[in-house]
Amino acid sequence: MKKISLLLFFFPYLYQCSDLTKPKSFPVSSSGKISIHKEDLLARGLPLAGDWEFYWNHSLQDLKKENSNPVFVPVPGIWREYPVSLYLLKGYGVYRLNVRVEDEISGIKLKIPRLPGIYEVYLNDTKVFSNGHPGKNSSDSYLIAHPFQTILSVPEKDFSLTVAVSNFHGNILKAGIRKPFLLSQGELLEKEEKKTEWLEIFLITVIFSFGLYHFVFYLSYRKDLTPFYFSLFCVIVSSYSFITSEIQYRMIPHLTLDLRIRAEFFCEVAFVPIVYLLFSKMFPNQYRSKWISYPIMTTIVFFSGIIFFSEAGVLELYQYYLYFPPLYAIPILGGIVQAIKEKQPKAITIFLTGLILAITMLNDVIYGLYEVYILFPYSFPIGLVGFVALNSYIISYRFTDDLERTKEFAQLQLRYNEQLKFQTEERSRIASDIHDSIGSELTAILFELEANGKKDQTLLKLKKEMSQLISNVRDIVFLMHHQGSKNELVEEVIIRYCKRIHETGRIQVHSMIGDFSGALKIDECLHVQKIFLEVMSNILRHGEAESIHVFWRKEVQGLILKISNDGKKFENPYLETKGIGLENIKMRAFKLESNVRFYYEKSKSHFELLIPR
């Protein structure tokens, strides 16, 4: 079904580009003369093809004054294909064809093609069409506007057709009569022209709609730049289709030939980096190679030339650019080949679309260089439409696939949250059971030991071990309830505590706290916090200090917690002491496998905890 719909989509354009628009056999002019009969005009258009008279660098006034010998050149054709003596890219030339009408034919009409450069058309020495003034030099040649009407009525008897062309402005590579003049009878030419216009409007509108759709697509999902680059590609394609179409002459008839060639050149160059950016987002790993990215960067040279060069400079640069598209196709297709080797999804389909685009572009490049089609006319627009349509499907497929994965991830996240909630509740229940049962029992035993064993050394030792066991149980319960980070256990507690003491105004507290708790385990962070609180509590209760300095930093030997004050001396916890707080510091320092120092220096008491790391 998809193949059928795709064929239906392409059929109108394929029909327009086929040979059905030409008669199977038609008369050809010879030595500047052609004879036509009534049956020759029954087709959609009789091309006035063959050998025309050609006068190089002779104005119409010169031809009237003197009898110049013409050169006979093929039409359609361009100047650079003419004999060596006329092989010039810039100049002024006059074409002439004498048409002999053998039968009585009414309603004969002539379709004048859009030609590169500035030109005038005469019927029997009467000017009937002009887009400006063609002169023998650049200063005498200027554009006025492209006429809206290109189909004219011609005499129903013999007539002469004269065309004066100058190409000092515009695309000098295509100077001459590149498209044939068409003769027909009745309204056939008008119908064909309207059909062509509607097909061009359809092509431009459809491609631009693709771009607008994917731009809105990108605005709703900005995490992926692929739709954005694809929308840019569609805008460039639709702009290129417009600037190379017939309808542009009607919509912007006063646009200069210089701006037209710059716009066309810009679109052709822009295809390369945009396709590269598009593919680099689809296959980022494959397009990171320098041998792919560096050649694409050379398009900056052409973009700069389009902006800053003169009209002649742009045309010369355009001649060189015609050799580059095949070279650019190598790295772009090379990246897709790598993606195919690595079995990336949709890589083969994208490779085929890129290959079709490259071949059809090559067809236009060869025609631009040598006036020869390797495929058929208008194959490049068809390749562009196919590339746009198929890649639009691929991008939509990728988005749908990403959406499905997002849904699966959301479901997994929901299950994980439910499991995490269950684990948190279970951990809280176990912590409460430990606190309510084991903690209470241990506290009761410790109370009995204190009441009955004040002088028994064995009981005193047991009491000390029981105190440590209760402390361990409380730590376990706390850590089971804790859901925060390590930073919350150490740095935030130290900063908050110092700030509270300082704000009382009784003691000046100065602190330098670094963020180093990430190097510790979660239980080690709790030990550091408890040691800090115990030392600060000891200073506040017994130290009689007026100033306290707190440092938490990392040095070569490890993490250091240092607390200094100008109060009473610290008591060394490694001496025999009955202080429960200092015993607690000693016990936690042992678990940290750290070194504790209490010393008095320069009228200040210092506490230092060194944790090797």
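Reader: Is strand β13 (residues 159-166) largely enclosed or open, going by how many of its residues are buried?
Author: The model is a predicted one. In it, buried means under 20% relative accessible area. Of the 8 residues in strand β13, 8 are buried, so the strand is largely enclosed by the rest of the structure.

Reader: Which residues of β13 lie on the side opposite F159, L161, V163 and V165?
Author: Both faces of β13 are covered. F159, L161, V163 and V165 make up one buried side. The other side, also buried, is formed by S160, T162, A164 and S166.

Reader: Which residue of β13 is the bridge partner of Y92?
Author: Strand β6 (residues 92-101) pairs with β13 in the antiparallel sense, over 8 bridges. Within β13, Y92 has as its bridge partner S166.

Reader: Which residue of β13 is the bridge partner of Y122?
Author: β13 is also joined to strand β8 (residues 118-123), by 6 bridges, and these two strands run antiparallel. The partner of Y122 in β13 is T162.

Reader: How many residues of strand β18 (residues 558-565) are buried?
Author: The cut-off is again under 20% relative accessible area. Strand β18 is largely enclosed by the rest of the structure, because the buried residues number 8 of the 8.

Reader: In β18, which residue stands opposite H549?
Author: Strand β17 (residues 547-555) runs antiparallel to β18, with 8 bridges between them. A hairpin of 2 residues makes the connection from β17 to β18. Opposite H549 stands S564.

Reader: And in β20, what is the bridge partner of S564?
Author: β18 is joined to strand β20 (residues 604-611) by 7 bridges, in an antiparallel arrangement. S564 also stands opposite H549. Its bridge partner in β20 is H606.

Reader: Which helix gives the largest share of the largest nonpolar core?
Author: This core has 49 residues, and those touching the most other members are F233, F265, L278, F279 and Y287. The largest share of the core is 12 residues, and the element that supplies them is helix α6 (residues 257-282).

Reader: Which residues does F233 touch, leaving out those up to four places away in sequence?
Author: F233 is among the members of the largest nonpolar core that touch the most others. With residues up to four places away in sequence not counted, F233 touches F271, I274, V275, L357, L384, F387 and V388.

Reader: How many residues are in the other core, the one that includes W52?
Author: This core lies apart from the one containing F233. Among its members are I36, W52, Y82 and L110. Its size is 35 residues.

Reader: Which helix gives the most to the nonpolar surface patch?
Author: The patch covers about 340 Å² and is made by F208, L212, V216 and V235. One helix gives 3 residues to it, and that is helix α3 (residues 188-220).

Reader: What is the relative accessible area of F208?
Author: F208 lies in helix α3 and is one of the residues that make the nonpolar patch. Partly exposed lies between the buried limit of 20% and the exposed limit of 50%. F208 is therefore partly exposed, with a relative accessible area of 42%.

Reader: Which residue in β15 stands opposite L46?
Author: An open sheet of 4 strands has the order β2-β15-β7-β12, with antiparallel pairing. The edge strands, each pairing on one side only, are β2 (46-47) and β12 (151-153). β2 pairs with strand β15 (residues 182-185) over 2 bridges. In β15, the residue opposite L46 is L183.

Methods:
Residues are numbered from 1 along each chain as its sequence is written. This is a predicted model: local features need pLDDT of at least 70, side-chain atom pairs count only at pLDDT 80 or more; totals for chains, interfaces and linings use all residues. Side-chain values use heavy atoms; hydrogens and water are left out. Buried means under 20% relative accessible area, exposed over 50%, partly exposed in between (1.4 Å probe, protein chains only). Two strands pair if DSSP finds at least two bridges between them. A nonpolar core is a set of buried Ala, Val, Leu, Ile, Met, Phe, Trp, Tyr and Cys residues joined through side-chain atoms within 4.5 Å. Contact means heavy atoms within 4.5 Å. Patches are made of residues with over 30% relative accessible area and no salt bridge: like charges are joined within 9 Å, nonpolar side chains (Val, Leu, Ile, Met, Phe, Trp, Tyr) within 5 Å. Accessible areas come from the Shrake-Rupley method with a 1.4 Å probe; for residues, only the protein chains shown count as cover. A salt bridge is a side-chain nitrogen of Lys or Arg within 4 Å of a carboxyl oxygen of Asp or Glu.
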